[in-house]
Amino acid sequence: MSATMQSLDSHAARLKATDLRALFNTDPQRFRRFSMNLDDLHVDFSREKIDAAAFAALTGLARDRGVEAARDAMVSGAHWNLTEDRAVGHMALRGGAEAPDGSDVAGNLDRMLTFAEDVRSGRYAAEAGPFTDVVNIGIGGSDLGPAMVAWALEPDRDGPRLHFVSNVDGADLADTVRDLDPARTLVIVASKTFTTLETMMNARSARAWLQSAVGDDAGRHMAAVSSNLAGAAAFGIAGSRVFSFRDWVGGRYSVWSSIGLPVAIGIGAGDFRAFLAGGASMDQHFRAAPLEKNLPVVLAMIGVWRRNAMGWPTVALIPYDQRLERFPAHVQQLDMESNGKRTTRHGNPATAATGPVIWGEPGTNAQHSFFQLLHQGTDIIPVDFIAAAQSRDGNSAHHTALLANCLAQAQALAFGRTEAEVRARMTEQGAEAEEINRLAPHRAFPGDRPSTTIIHRALTPFALGRLIALFEHKVFVQGVIWDINSFDQWGVELGKELAAGLVPALEGETVPGLDSATAGLLAVLKELSE
Ligand code: F6P
């Protein structure tokens, strides 16, 4: 590690010896000092365990590690993804940068949006009439991004209903199509590679479902999104309904590409373009703002602080926004598939802890499940809260309650309630001494638990695009700090290969050389399946 990374240790030692109450008590300007905004997007990190010197060390580390040069290299089309020898071009899809290979991004987008509008208007329709439902079949980035965005932008949907099937478990497809009319359903097969086992198996089953209702007309009910045009053609999808994207778009960064087709069918071209514009606005900020005022950089460095200086291995991502229900799952793939690496870009062992475990659920539900541990458990789990000032449902009483809870959780985590305070309150409320002694230790909250709160005006297409891009760039910056390639995913390969080898064993063939645990479980499965 460079000297700058090590210099975080002395700041961490100083800050571990104090707590958030003390930090707030000694600095009335703390909120102003440690919060930032880009237009209506506000990021408050005043409840992180940092001070001005630690913050300066963090931005110094970003500078020392060459974040600006790395960003500029990515923007200029350098093959930043070394192991796959590819550029990283997702910003180009939303107008935030030039396409790395000069390809016709605008033309490709127009073609996809024209088809989306044709489906919406019924210009492209089934024999039985306009499509009422769209089923997207994909997995990972070919599912999580569009599914999350579709769910988030449901108030903007004025096109067909959208459904998403990802799991190879046949229950996913079966439950999704159970109440759909195949004669009015469009199936989109979304796969960058067009080889992913789950997607291809679901696509074949979906085609059979369509064929059982519309026979030879099933082809009209299918479209594809892929970088593998030959694969889509071999599957039998007409070229006029195959929408491509380039290999410089990573799967988990692909929602901006033709992978966004189901979303575009749901919300229309105008709102889809607004979503892209939101992403581009964050790109412009990321490319231009000085490190100290650069939101993705600041969020990234807070993550580095949490992970490397404080040694906290997980992060809870809690949107106080039901429509962001799938946002933690999307960010989970974005972050953990990008930065869950133990080898540096040039093949050496990483010398510091890398990507944290990201997980979460929307508030307020989360409060009634795992927040107990966040408040009183023995581990410190930093939380990222997200909330919108305005609800898009116009129900102010619900929204007021939602926001009050969001603010209250951040407050309770940071400042807690000491045992002395608990005792005083219980005394005030007339409790007996014996009851106070019995319950006070249980009712005390240690506090000093960090969180960052992200607030924007409302969850519009533009705001959602901006929010996703914020997290994408955060992940990129952390990859630079940890010197890892955030754009490959070799860690998913071994399981895929082993699964392929185990199918024959599950079908009853003798497969030599199995470990005893796998052989034992295969025997149990065989016995239980008879
Ligand atoms: O197995 C991981 C992965 O390659 C992800 O990176 C990707 O988003 C997902 O599988 C789906 O891949 P594809 O779009 O090629 O079907």
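Biologist: Which domains does the domain assignment give for the chain?

Modeller: In this predicted model, the assignment gives domain 1 as 8–79 + 277–415 + 449–488, domain 2 as 104–245 and domain 3 as 498–529. A domain can thus be written as several segments, as domain 1 is here.

Biologist: What separates the centres of domain 1 and domain 3?

Modeller: Taken over C-alpha atoms, the centres of domain 1 and domain 3 are 43 Å apart.

Biologist: Take a single residue, Asp-448. Where does Asp-448 lie?

Modeller: Asp-448 is in the loop between α18 (433–443) and β11 (451–456).

Biologist: Is Asp-448 buried or exposed?

Modeller: Buried means under 20% relative accessible area. Asp-448 has 19% relative accessibility, so Asp-448 counts as buried.

Biologist: Which residues is Asp-448 in contact with, leaving aside neighbours within four places in sequence?

Modeller: Asp-448 is in contact with Thr-18, Asp-19, Leu-20, Lys-49, Ile-380, Leu-413, Ala-414 and Phe-415.

Biologist: Now the ligand. How many residues surround the ligand, and which are the closest?

Modeller: The ligand is surrounded by 14 residues, and the closest are Ser-142, Ser-191, Thr-193, Thr-196 and Glu-337.

Biologist: Which polar atoms of Gly-141, Ser-142 and Thr-193 lie by an oxygen atom of the ligand?

Modeller: For a polar contact, the pair of N or O atoms must be within 3.5 Å. Gly-141 places a polar backbone atom 2.8 Å from a ligand oxygen atom. Ser-142 has a polar side-chain atom 2.6 Å from an oxygen atom of the ligand, and for Thr-193 an N or O atom in the side chain is 2.6 Å from a ligand oxygen atom. The ligand taken alone exposes 390 Å², of which the protein buries 89%.

How values were computed
Residues are numbered from 1 along each chain as its sequence is written. This is a predicted model: local features need pLDDT of at least 70, side-chain atom pairs count only at pLDDT 80 or more; totals for chains, interfaces and linings use all residues. Side-chain values use heavy atoms; hydrogens and water are left out. Domain bounds come from an automatic or database domain assignment. Helices (H or I, at least four residues) and strands (E, at least two) are DSSP runs, numbered from the N terminus. Buried means under 20% relative accessible area, exposed over 50%, partly exposed in between (1.4 Å probe, protein chains only). Contact means heavy atoms within 4.5 Å. A residue is near a molecule or strand if one of its heavy atoms lies within 4 Å of it. A polar contact is a pair of N or O atoms within 3.5 Å; within protein, one must be able to donate a hydrogen and the other to accept it, and residues adjacent in sequence count only if both atoms are side-chain atoms. Accessible areas come from the Shrake-Rupley method with a 1.4 Å probe; for residues, only the protein chains shown count as cover.
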